[in-house]
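Here is a briefing on a protein model and its ligand. Start with the domains, then turn to the binding site.

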Amino acid sequence: MTDGFVNFAEIEAAQAAIAGVVRQTFVNRSESLTVSVDLPIYLKLEHQQITGSFKLRGASNAIAQLTEAERARGVVGVSTGNHGRGLAYAARAAGVRCIICMSRLVPQAKIDGIKAQGAQVRIVGRSQDEAQEEVDRLVAEEGMTMIPPFDHRAIIAGQGTLGLELVEQVPDLDTVLVPLSGGGLICGVAAAVKAKKPEAKIVGISMERGAAMHACLQAGRPVAVEELPTLADSLGGGIGLDNRHTFAMTRALVDDVVLLDEGEIARAIRHAYWRERQIVEGSGAVGIGALLARKVTPVGPTVAILSGGNIDMEQHHRIVSGEDVDVTAEAA
Ligand SMILES: *Cc1c(COP(=O)(O)O)cnc(C)c1O
């Protein structure tokens, strides 16, 4: 099972493998968005997943697939936050040692979140790529297993379990709005949903500032993209120039990709809070943002996946209080 796209059987196997660790999250019908768009709009409340994001699904599945020898030597990951948190939790649940490496761009709230799950944290470099070099060293010198955040069959299959839940929870779904970074979530969801409903449309939503997968799709191959500060900080980072799975799967299975500016992301966080009573991080709110900005025009029942809730609460407070929070100036 190393060639070709991640398939439905792998996703079903993942669902069985992670059932004891991961919770099935609720779907809410959004009255405000249903009125505003004039179509049934649903929200998949995955920000209420254990660890605050869907990343726990893929990480738990990857750990479930380790051999005894690999479990004994432990796992390492590089992460902008939510993958690290999910991996740390999944490792601890399985009794496996875990080291997480991350770049200095990662907000303090996310570092604290990972430490709270019991993992060791190492802060290295200014980009995900530099943190990756430390991971490579731990793999080479200590024989640990690297669990990547998206470009890995077990990760994609694990994220796909969210899609399995969706087709059960919203049987008449027409369109799914999926926050998009490296593509693990969207590829898993697309594979699961399209296996059951081939006519369904899958739309990726990224931010304008550093949308790696979008740039790669435009170029027709994986290209390097500069990582920039954005309110959607969990969507930062490249897809890897040696991308093996998610680029080809995204190209084949994803119907459209749209980009949001910072104001549209802030508006989505506000809407989630004041109209839906949900605390959602910028990356998790982009599906709402795309609907509010009319950047997607679905024709049938639509689900926006609220993929994560791990936002710094001071920043969240300022955003929902109407302050114009500009993280783009924090670059230097
Ligand atoms: C990781 C992440 C994404 C993007 O997932 P990919 O699999 O990298 O596309 C979206 N939202 C949140 C909250 C995330 O943590």
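**Domains and ligand site**

In this predicted model, 28 residues of domain 1 are in contact with 23 residues of domain 2. The ligand takes up the space of the largest cavity. The protein covers 97% of the ligand's own accessible area of 380 Å².

**Domain layout**

- The domain assignment splits the chain into domain 1 (8-52 + 153-330) and domain 2 (56-146).
- Domain 1 is therefore given as two stretches of the chain, and domain 2 as one.
- Between the C-alpha centres of domain 1 and domain 2 the distance is 22 Å.

**Shell around the ligand**

- There are 16 residues around the ligand.
- K55, N82, G183, L185 and S307 come nearest.
- Sorted by class, the shell holds five nonpolar, nine polar and two charged residues.

**Polar contacts to the ligand**

- S307 places a polar side-chain atom 2.6 Å from a nitrogen atom of the ligand.
- K55 has a side-chain N or O atom 2.7 Å from an oxygen atom of the ligand.
- G182 has a polar backbone atom 2.9 Å from an oxygen atom of the ligand.
- The cut-off for a polar contact is 3.5 Å between N or O atoms.

**Enclosure**

- On its own, the ligand has 380 Å² of accessible area, and the protein covers 97% of that.
- The cavity that the ligand fills is the largest one.

How values were computed
Residues are numbered from 1 along each chain as its sequence is written. This is a predicted model: local features need pLDDT of at least 70, side-chain atom pairs count only at pLDDT 80 or more; totals for chains, interfaces and linings use all residues. Side-chain values use heavy atoms; hydrogens and water are left out. A residue is near a molecule or strand if one of its heavy atoms lies within 4 Å of it. A polar contact is a pair of N or O atoms within 3.5 Å; within protein, one must be able to donate a hydrogen and the other to accept it, and residues adjacent in sequence count only if both atoms are side-chain atoms. Accessible areas come from the Shrake-Rupley method with a 1.4 Å probe; for residues, only the protein chains shown count as cover. On a 1 Å grid over the protein atoms alone, a cavity is a set of points where a 1.4 Å probe fits but cannot get out, and a pocket is an open set with protein on both sides within 12 Å along at least five of seven lines; lining residues have an atom within 4 Å of a point. A molecule sits in a cavity or pocket if more than half of its atoms lie within 2 Å of its grid points. Ala, Val, Leu, Ile, Met, Phe, Trp, Tyr, Cys and Pro count as nonpolar, Asp, Glu, Lys and Arg as charged, and the others, Gly among them, as polar. Contact means heavy atoms within 4.5 Å.
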